[in-house]
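Visitor: I'd like to learn how to read a structure like this one, feature by feature. Could you put it up and walk me through it?

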Amino acid sequence: MSTNSPTIPVETARHVLWHFGQDGGSQPGIFTQHLMHTIATADVVNTAKLADAYPDYTAAIVAAKLDPDGITHLQKIAAGLRCTRCGDTDGPFDGTGASLRCEGCIGDAQ
């Protein structure tokens, strides 16, 4: 997993959504709750240090806090919607299961 653009797993997205009180979240264990609180309240230098050890949680929390579309993006990940061709979570999507494709991949196929 690259720390420059870490992949955010479904479980991580759900935990971070829970932390921010958003739809689609699920409560993690106590360690993860404390970890998320620590990341969410850390200054820039310590956030970078935490990103070395916990790149997925750090990326998800930073997105939720700073990206205007961060919560929506995490909700899409949490729902498990991901293009089977390119892995994109932005949608809109067409198809189901193994044939779920994003708008860009649908357009490329035509």
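Visitor: Let me start with a helix. Which residues are exposed on the other side of H3?

Guide: Keep in mind that this is a predicted model. On that side of H3 you find Val45, Lys49, Asp52 and Ala53 exposed.

Visitor: And which residues of H3 are buried?

Guide: H3 covers residues 44-53, and its buried members are Thr47, Leu50 and Ala51. Look down the axis of H3: these buried residues stay within an arc of 110 degrees, so they line one face of the helix. The cover over them includes H2 and H4.

Visitor: What caps the N-terminal end of H3?

Guide: That's Asp43, which places a side-chain oxygen 3.2 Å from the backbone nitrogen of Val45.

Visitor: Let's zoom out. How many helices and strands are there in the chain?

Guide: The chain has six helices and two strands. Reading along the sequence, you get α-α-α-α-α-β-β-α. Of its 110 residues, 35% count as buried. As for the surface, the chain exposes about 6500 Å², with carbon and sulfur atoms supplying 51% of that.

Visitor: How do I read contacts between distant parts of the sequence?

Guide: Take the contacts between residues at least 6 apart in sequence: 36% of them join residues at least 24 apart.

Visitor: Now the core. Which residues have the most contacts inside the largest nonpolar core?

Guide: The general idea is that in soluble globular proteins, nonpolar side chains tend to be buried together. Here the largest nonpolar core has 18 residues, and those with the most contacts inside it are Ile8, Ala13, Val16, Ile39, Tyr57, Ile61 and Leu74. At least two residues of this core come from each of H1 (10-19), H2, H4 (55-66) and H5 (70-78). Click on Val16 to see how it works: leaving out residues up to four places away in sequence, Val16 touches Met36, Tyr57, Ala60, Ile61, Ala64 and Leu74.

Visitor: Leu74 came up twice there. Which residues are buried in H5?

Guide: Gly70, Ile71, Leu74, Ile77 and Ala78 are the buried ones. Try the same trick of looking down the axis: the buried residues of H5 fall within an arc of 120 degrees, so they line one face of the helix. They pack against H1 and H4. Just after H5, have a look at the backbone of Gly80, which takes a positive phi of about 85 degrees.

Visitor: What about a bulky side chain? Is Trp18 buried, exposed or partly exposed?

Guide: Trp18, found in helix H1, counts as partly exposed because its relative accessibility is 32%, between the 20% and 50% cut-offs. Setting aside neighbours within four places in sequence, its contacts are Gly25, Ser26, Gln27, Pro28, Gln33 and Met36. For one of these, Pro28, the C-alpha atoms are 8.2 Å apart, with the two positions 10 residues apart in sequence numbering.

Visitor: Where does Gln33 sit, and what is it in contact with?

Guide: Gln33 is in helix H2, residues 30-41. Apart from neighbours within four places in sequence, Gln33 is in contact with Trp18, Gln27 and Pro28. There's a polar detail too: a polar atom of the Gln33 side chain lies 2.9 Å from the backbone oxygen of Pro28.

Visitor: Moving on to the cysteines, how many disulfides does a search of the whole structure find?

Guide: Zero. Check Cys86: the closest cysteine sulfur belongs to Cys105 and is 3.7 Å away, which is too far for a bond because the cut-off is 2.5 Å. Cys86 is partly exposed, at a relative accessible area of 47%, whereas Cys105 counts as buried at 4%.

Visitor: Last one, a strand. What is Phe93 in contact with?

Guide: Phe93 lies in strand E1, residues 93-94, and counts as partly exposed at 23% relative accessibility. Beyond its neighbours within four places in sequence, Phe93 is in contact with Leu81, Arg82, Cys83, Asp88, Leu100, Arg101 and Cys102. Leu81 is 12 residues away from Phe93 along the chain, and their C-alpha atoms are separated by 8.1 Å.

How values were computed:
Residues numbered from 1 in each chain as written. Predicted model: local features only at pLDDT ≥ 70, side-chain atom pairs only at ≥ 80, totals over all residues. Heavy atoms only, no water. Helix = DSSP H or I, 4+ residues; strand = E, 2+ residues; numbered from the N terminus. Polar contact = N/O pair within 3.5 Å; in protein donor to acceptor, adjacent residues only side chain to side chain. Contact = heavy atoms within 4.5 Å. Core = buried A, V, L, I, M, F, W, Y, C linked by side-chain atoms within 4.5 Å. Buried < 20%, exposed > 50% of the residue type's maximum accessible area, 1.4 Å probe, protein only. Arc of directions from axis to C-beta. Areas by Shrake-Rupley, 256 points an atom, 1.4 Å probe, with all protein chains shown as cover.
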